[in-house]
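Work through the exercises below with the sequence and the model side by side. Try each task before reading its solution.

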Amino acid sequence: MQPRIPRQSPGEQGPWRPDGTDVDARFNAELASVVSGARRRAVRDGDRQVDTAHLLHSLLEYDPEVRTVLGEGPRIARLLGYLVQRSIGYGLRWQSTVEDSGAVPVVTGVAGFSPLAAAAMEDARARAERRGAARACGIDLLAALVADPQARAVEVLGRAAVEPRTVLARVENHFEPTP
């Protein structure tokens, strides 16, 4: 069976790899695992593109810091419950559409990612650079995912009663130095 999300040659990797470096050079180990997990999930779900909900799902699975920022326990269980339902429930309406709110500039040349997911990946890298980090981490991506209210990740968070502004505030608090 041919995967719906094609393998990418180095020239098709998108803006976060313009110099031919590997994904691991731009993201920490957890975030590289998140991207790989999101790709596998998209293929398994039969989706044409990795979207922000795939990225959120993988963040919850692979990154303990993201789970801490979102709040352990019932909130994570509720979020994972909604994300699992996407292949059998409300997410079915997403399968035939491209995730693009038009609110963010389209990142071109990112085969396999929705425009919002590609923009979130680039924003995560930019967030890491602004705070002086060499590599983006999962919390950078989490903040980028909740930046556009039209993102599928934001819809999932809303269904689980998680407010995006609260998530952003927790991310900012996470990176503040402790005295």
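**Exercise 1. Describe how α5 and α8 pack, and place Ala160 beside them.**

Step 1. Take the geometry. The axes of α5 and α8 are 9 Å apart, and the helices pack at an angle of about 125 degrees. Axes here are lines fitted to C-alpha atoms, for helices over the stretch in contact, with angles running from 0 to 180 degrees between N-to-C directions. Helices (H or I, at least four residues) and strands (E, at least two) are DSSP runs, numbered from the N terminus.

Step 2. Classify the angle. α5 is therefore oblique to α8; angles under 35 degrees count as roughly parallel, over 145 as roughly antiparallel, 65 to 115 as roughly perpendicular and the rest as oblique.

Step 3. Assign the hand. The crossing of α5 and α8 is right-handed. A crossing is left-handed if the near helix is turned anticlockwise from the far one by less than a right angle, and right-handed if clockwise.

Step 4. List the residues. Leu79, Tyr82 and Leu83 of α5 meet Val156, Leu157 and Arg159 of α8, where contact means heavy atoms within 4.5 Å. By class, the contact of α5 with α8 has five nonpolar, no polar and one charged residues. Ala, Val, Leu, Ile, Met, Phe, Trp, Tyr, Cys and Pro count as nonpolar, Asp, Glu, Lys and Arg as charged, and the others, Gly among them, as polar.

Step 5. Add Ala160. This residue is found in the loop between α8 and α9 (164-175). Ala160 is buried, with a relative accessible area of 0%; buried means under 20% relative accessible area, exposed over 50%, partly exposed in between (1.4 Å probe, protein chains only). Leaving aside neighbours within four places in sequence, Ala160 is in contact with Arg78, Leu79 and Tyr82. The C-alpha atoms of Ala160 and Arg78 are separated by 5.9 Å, although the two residues are 82 apart along the chain.

Before going on, note the basis of the values: this is a predicted model, in which local features need pLDDT of at least 70, side-chain atom pairs count only at pLDDT 80 or more, and totals for chains, interfaces and linings use all residues. Residues are numbered from 1 along each chain as its sequence is written, and side-chain values use heavy atoms, with hydrogens and water left out.

**Exercise 2. Why is α3 largely enclosed by the rest of the structure?**

Step 1. Count the buried residues. Helix α3 (residues 52-62) is largely enclosed because nine of its eleven residues are buried. They are Thr52, Ala53, His54, Leu55, Leu56, His57, Ser58, Leu59 and Leu60.

Step 2. Find the cover. The elements over the buried residues of α3 include α2 (29-45), α4 (64-70), α5 (74-85), α6 (115-130), α7 (138-145) and α8 (152-159).

Step 3. Examine one partner. α3 and α7 pack at an angle of about 145 degrees, with axes 11 Å apart, and their crossing is left-handed. Thr52, Leu55, Leu56 and Leu59 of α3 make this contact with Gly138, Leu141, Leu142 and Leu145 of α7. The contact of α3 with α7 has six nonpolar, two polar and no charged residues. For the spacing within a helix, recall that an α-helix has 3.6 residues a turn, so residues three or four places apart point the same way.

**Exercise 3. Which backbone nitrogen does the side chain of Asp51 reach at 2.9 Å, and which one does the side chain of Asp140 reach at 2.9 Å?**

Step 1. Start with Asp51. This residue lies in the loop between α2 and α3 and is buried, with a relative accessible area of 1%. Its side chain reaches the backbone nitrogen of His54 at 2.9 Å. A side-chain oxygen of Asp51 also comes within 3.0 Å of the backbone nitrogen of Ala53, at the start of α3.

Step 2. Turn to Asp140, in helix α7. Asp140 counts as buried at 2% relative accessibility. The side chain of Asp140 reaches the backbone nitrogen of Cys137 at 2.9 Å.

Step 3. List the surroundings. Not counting residues up to four places away in sequence, Asp140 touches Ala124, Arg127, Ala128, Arg131, Arg135 and Phe175.

**Exercise 4. How many helices and strands are in the chain?**

Solution. The chain has nine helices and zero strands. Of its 179 residues, 46% count as buried.

Technical notes. A polar contact is a pair of N or O atoms within 3.5 Å; within protein, one must be able to donate a hydrogen and the other to accept it, and residues adjacent in sequence count only if both atoms are side-chain atoms.
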